[in-house]
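Hi,

Here is the structure I said I would pass on to you. Have a look at it first, and then read on for what turned up.

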Amino acid sequence: MKQQPSRRDVLAYGAAASVAATLGPACYAQAADFFAGKTIDVIVPFAAGGAADVTTRFVAPFLTKHIPGNPNFNITNLGGGGSILGANQFEKQGKGDGLTILSTTSSSAFPYILKQKGVEYDLSSKRVAYAIAIGPVVYASPATGIQSVADLKKPKTGLVYGGIGATASDLPVLLAFELLGLDVKTVLGFQGRGPIRLAFERGETNFDFQFTSVYLTQVKPQVEAKKAVPLFTGGSSAANGKFTERDPVVKELPSTYEVFKTLNDNKEPSGAVWGAYEMASALTFEYGVTGWMPAGTPQAALDAFSVAAAKINADPDFIAKGEKVTGGYKLQDGKAIKKNVKAALTSNPEVVQYLTKFLTEKYNVKL
Amino acid sequence: MWEAAGAALIQLFDPFRILMLFTGMLAGGIIGMLPGLGGIGALSILLPFALKLDPFSGLALLLGATGIVYTSDTISAILFGTPTSASSGPTAIEGFAMARRGEAGRALGGAFLASMIGGLIGAVVLTLSIPIAGPLVLALGSAELLMLALVGLAYASGLVGGSPAKGLLSAALGLFLGTVGVAPSAPELRYTFGFPYLLDGFALTIVALGLFGVAEIIVMLGQGGAIAQERFKLSGWMDGVRDVVRNWRVVSMGSIIGVIFGIIPAVGATASTWIAYGQATSTAKDKSMVGKGDPRGMLAAEGANNATITTDLVPTLLFAVPGGPAAAVFLGALFVYGYFPGPRFVAQNLDLMFLIVWSSALAAIIGAAMCFAASPWIARLTRIDFGLVAAPLIAVILLGSFEAKKTVIDFVTLLGFGVIGWLMKRAQWPRAPFLVGFVLTDPIERNFWLAYQLHGWSWLKFPIVLGLIVVVAIHIFVTARRALHARKAREAAAAAAGSAPTAAVAIPNFAFNPGIALSLAALAVFGGGIWLALGYAPDSRLVPLLAAIPGLGATLLVLFHYLRAQRPEPGWPPLAEIRQIILLAACIAAIPFTGFIPALGIYLVVLLWISTRLRFWSLPYATAVTAAAWGLSRAFNIPLP
């Protein structure tokens with residue numbers, strides 16, 4: 001479907017790519033009017049201290065600095081019900097005035113896709129302001145005998161994986177195990193990825209993943225001490241939306257897609273399990289923390305975020321600090337990724353059906 | 001290492017950083033006196049400000065606040081009987097009873113000193129932990145954590161007063177209600193009845209505020225008058241210091257328990273406080289004063305919570321695994337400053353490590369002094385009409401409970417636990433085992449299933465597990481023997497007096513009392529709970545059944561006692577107290593229609609009118625309190641309905 005881009009789109013794109021110095025100021029003036037002197041309410045539907053909270057609080061001052069008009073951000077933690085309560089609250093409160101954002105993770109997206117009881121929010125009608133990736137790195141203990149991805153299917157000892165829950169951020173990794181046909185014993189019920197990492201260090205588990213920032217700071221020293229073998233990442237999406245690219249930060253490791261090809265004579269992954277993996281990975285990892293705005297949000301507000309995204313990614317302060325907080329992922333412009341995000345949210349019925357079957361039959365989840 | 005310690009001290013004594021430390025302490029001191037916020041509340045409120053400062057100043061601000069929160073909450077607990085966080089519950093029980101006896105000064109003096117010692121022991125352990133904590137944290141796996149929680153539960157069962165059946169019933173009820181929500185080990189919802197509100201169970205702050213805060217306020221409003229019949233004697237604070245000296249073992253043991261639970265990841269100050277309280281009271285030789293103003297339990301608890309909040313930083317700094325909820329926020333701050341805690345972090349940032357130690361130690365010492373200086377002023381409030389104090393107290397309790405999930409249902413839940421706590425107080429059921437059971441449900445259930453999935457039953461043979469099993473066995477043996485002795489002594493005394501202990505009741509005059517009401521409610525909860533649990537998957541029904549089946553047995557026993565004794569409760573029904581409950585219920589029912597602030601305003605006017613002698617002055621006073629509540633909600637960013 002070909003569509004003539006609107007004048008505004010062209011303007012914002014120009015500014016976002018920060019190429020058109022002449023077009024930039026025009027857009028700036030328009031958006032500056034919008035947010036000047038205003039306060040944006042951000043709902044983080046988790047208790048303070050989690051990934052969504054830390055990431056949002058890290059990004060907010062940069063948004064204030066770079067969004068035309070310099071709006072303040074007022075962040076409220078509305079934890080409860082695994083983010084469902086806060087997201088419901090956002091659905092009720094959020095007006096289309098560009099002054100409310102829901103900054104959340106796949107914990108809000110999965111219940112929506114799986115149509116869980118108690119979900120009162122309609123994510124696919126929302127507009128995407130920004131997203132930041134939280135990529136995973138899968139690694140194993142040398143005790144398993146695994147030296148590289150080629151050994152994944154013939155470990156010396158049984159693989160034991162520690163996780164939080166099948167519908168939590170473990171989901172895409174569990175789907176990857178299924179896709180790759182790995183024989184892994186999963187022990188679910190840990191309180192967080194931190195305790196899981198300690199269980200790995202204790203030798204209670206021998207197969208684990210950690211998010212990139214933690215991998216770089218906590219697991220890498222273990223790798224250097226020959227106590228962990230890094231294997232693969234979740235990957236990221238290519239321009240066509242397929243999840244075939246490497247992780248933009250951990251480029252030295254292959255993606256799940258490549259591992260599948262290595263293990264299957266260069267065959268392309270396909271079918272519902274691959275579809276489910278792509279969907280789950282996009283929502284959990286690539287768009288790890290996403291800022292959603294209500295359906296009627298004016299375009300000018302979203303344009304202002306686009307303007308800011310480009311500037312923030314060029315801000316040396318953001319680059320220096322971001323390496324430490326988020327692992328160095330860029331702030332993604334909502335306009336550039338909205339298609340992929342929506343595609344993941346509205347996966348085809350076959351994929352949803354497969355996912356439901358996978359969760360209910362293999363992990364006894366009651367949906 | 002010592003050079004780094006000195007350098008850190010010099011860096012801390014930069015005037016601006018010291019100012020930040022004091023600012024944090026001032027803010028933390030106030031936040032600690034307000035219900036529902038606690039350490040995590042203090043840190044989340046200060047975090048945005050801290051992140052604008054340089055790392056050393058920002059961390060001083062945050063540590064100043066966490067170092068004092070669990071000291072200043074003592075003031076509310078002792079003077080008003082309101083535990084502002086679940087971990088000041090023991091102090092609200094014992095310290096408040098002491099205050100009402102006229103020993104407020106003794107209670108405050110002892111509690112502050114114990115807090116200070118706990119904080120200092122925590123800071124010392126944090127320093128010493130630098131070389132040794134790594135292996136220690138790694139030694140404690142799920143099986144060991146499970147056993148530590150069971151040790152806690154065993155000591156909690158020692159909290160029972162006169163009737164072991166009531167204590168068991170109370171603990172079982174807490175343990176059972178702790179299972180509401182998503183099962184930690186199985187993707188199954190338990191007892192949520194389709195309400196998203198119940199997905200992650202009842203909030204600890206609401207349970208604690210309801211059981212203790214609301215219940216006490218209802219009773220005191222019903223009775224009228226002031227908290228203290230006589231002026232609170234703050235002069236006796238030296239007696240408090242003597243209590244600490246005399247009970248130095250209790251304070252040290254409490255602090256050590258606090259340290260252990262601080263080092264264990266993801267267990268906050270609440271569990272450690274109650275376990276320290278249970279340990280101190282159950283090992284005390286003379287239990288006659290337990291729950292009625294025994295300083296020992298309070299001293300252990302105060303030592304424990306301050307030790308925990310400091311040593312929570314051990315796993316946080318060594319492994320980037322938060323030691324408790326407040327430490328999770330602290331960890332987030334470190335990330336934003338660009339520090340990655342971890343084994344190398346300590347070696348590479350010794351100066352920062354020592355800045356943290358010094359800040360914690362200073363906050364512990366100066367915090368206790370600050371609280372001490374403030375208490376005479378706050379103590380004056382206990383002499384005036386209680387209604388005058390109750391009005392702002394209820395306003396902040398409502399605001400504090402709303403911090404939990406920020407929906408109107410928070411108020412309903414608060415009222416529900418308030419009524420349960422009020423009935424329990426009226427029926428003289430111990431409330432402490434309830435809270436301990438409630439706090440320990442998650443660690444017990446989670447770690448049991450993790451240990452079982454990882455090791456089958458072989459975890460029972462782990463050395464640390466075996467050691468802890470011995471500890472539990474000895475504790476149960478000693479407690480049982482002591483109970484048996486006490487019973488024999490009672491029987492001997494009765495026989496010596498030559499009277500039949502209970503004469504046969506000639507006329508069964510059925511008397512409805514709070515104990516019977518509670519027993520019937522517990523019967524329904526346990527019965528229904530067992531019935532529903534039978535439909536759950538095996539890995540999500542085990543713990544609910546382990547709580548509900550003994551609970552049901554204990555309930556039947558208690559009910560049998562009530563029906564046999566048929567004693568009408570003196571002063572039952574207490575109409576003045578029931579009127580207060582109805583009034584609070586009406587206020588909560590009005591909130592969805594009128595909004596929080598108007599409902600609160602009207603409620604306070606009525607409350608002041610009927611409970612104080614203000615008469616027409618009720619209106620301006622209620623308006624002022626409501627305006628202050630509104631200001632507080634703005635300052636702490638609470639999105640009121």
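Let's begin with a small spot in chain A: Asn70(A) sits in the loop that links helix 3 (51–66) to strand 2 (72–77) of chain A. Before going further, please keep in mind that this is a predicted model. What caught my eye is the backbone of Asn70(A): its phi is near 45°, a positive value in a residue other than glycine. Is Asn70(A) buried or exposed? It falls in between: Asn70(A) has 14 other C-beta atoms within 10 Å, so it counts as partly exposed.

Asn364(A) also has a positive phi in a residue other than glycine, near 55°. You'll find Asn364(A) in the segment after helix 14 (349–363) of chain A. Asn364(A) is partly exposed because it has 14 C-beta neighbours inside 10 Å.

Now for chain A as a whole. It is divided into domain 1 (7–132 + 289–338) and domain 2 (136–283), and the C-alpha centres of these two domains of chain A lie 29 Å apart. Where they meet, eight residues of domain 1 of chain A are in contact with 10 residues of domain 2 of chain A. Helix 5 (residues 106–113) of chain A supplies three residues to the domain 1 side, the largest share. That side has four nonpolar and four polar residues, with no charged ones.

Next, where the two chains touch. Chain B puts 42 residues into the contact and chain A puts in 41 residues. On the chain B side, the elements giving two or more residues are helix 3 (38–50), helix 6 (104–139), helix 15 (325–337) and helix 20 (432–455) of chain B. Helix 15 of chain B has the largest share of that side, with six residues. Sorted by class, the side of chain B that touches chain A has 26 nonpolar, 10 polar and six charged residues.

Then there is the core. The largest nonpolar core has 327 residues, and those touching the most other members are Leu43(B), Leu62(B), Ile78(B), Phe330(B) and Leu435(B). Helix 17 (residues 350–379) of chain B gives the most to this core, 16 residues. The core also draws at least three residues from each of domain 1 and domain 2 of chain A. Which residues does Leu435(B) contact, leaving aside its neighbours within four places in sequence? They are Ala86(B), Gly89(B), Gly174(B), Val207(B), Ala208(B), Leu211(B) and Trp274(B).

Helix 17 of chain B is also worth a look for its pairing with helix 4 (residues 55–80) of chain B: their axes come within 8 Å and cross at roughly 35°. The crossing of these two helices of chain B is right-handed. Among the residues making the contact are Gly64(B), Gly67(B) and Ile68(B) of helix 4 of chain B, and Ala363(B), Ala364(B) and Gly367(B) of helix 17 of chain B. In all, the contact of helix 4 with helix 17 of chain B has 15 nonpolar, nine polar and no charged residues.

One last spot: Ile602(B), in helix 25 (residues 596–611) of chain B. Ile602(B) counts as partly exposed, because it has 16 C-beta neighbours inside 10 Å. The C-alpha atoms of Ile602(B) and Thr623(B) are separated by 8.9 Å, and the two residues are 21 residues apart along the chain.

Cheers

Key:
Residues are numbered from 1 along each chain as its sequence is written. Chains are lettered from A and ligands numbered from 1 in the order in which they are written. This is a predicted model: local features need pLDDT of at least 70, side-chain atom pairs count only at pLDDT 80 or more; totals for chains, interfaces and linings use all residues. A nonpolar core is a set of buried Ala, Val, Leu, Ile, Met, Phe, Trp, Tyr and Cys residues joined through C-beta atoms within 7 Å. A residue is buried if 20 or more other C-beta atoms lie within 10 Å of its own, exposed if 12 or fewer, and partly exposed in between; C-beta atoms are placed from the backbone. Helices (H or I, at least four residues) and strands (E, at least two) are DSSP runs, numbered from the N terminus. Domain bounds come from an automatic or database domain assignment. Two residues are in contact if their C-beta atoms, placed from the backbone, lie within 7 Å. Ala, Val, Leu, Ile, Met, Phe, Trp, Tyr, Cys and Pro count as nonpolar, Asp, Glu, Lys and Arg as charged, and the others, Gly among them, as polar. Axes are lines fitted to C-alpha atoms, for helices over the stretch in contact, and angles run from 0 to 180 degrees between N-to-C directions. A crossing is left-handed if the near helix is turned anticlockwise from the far one by less than a right angle, and right-handed if clockwise.
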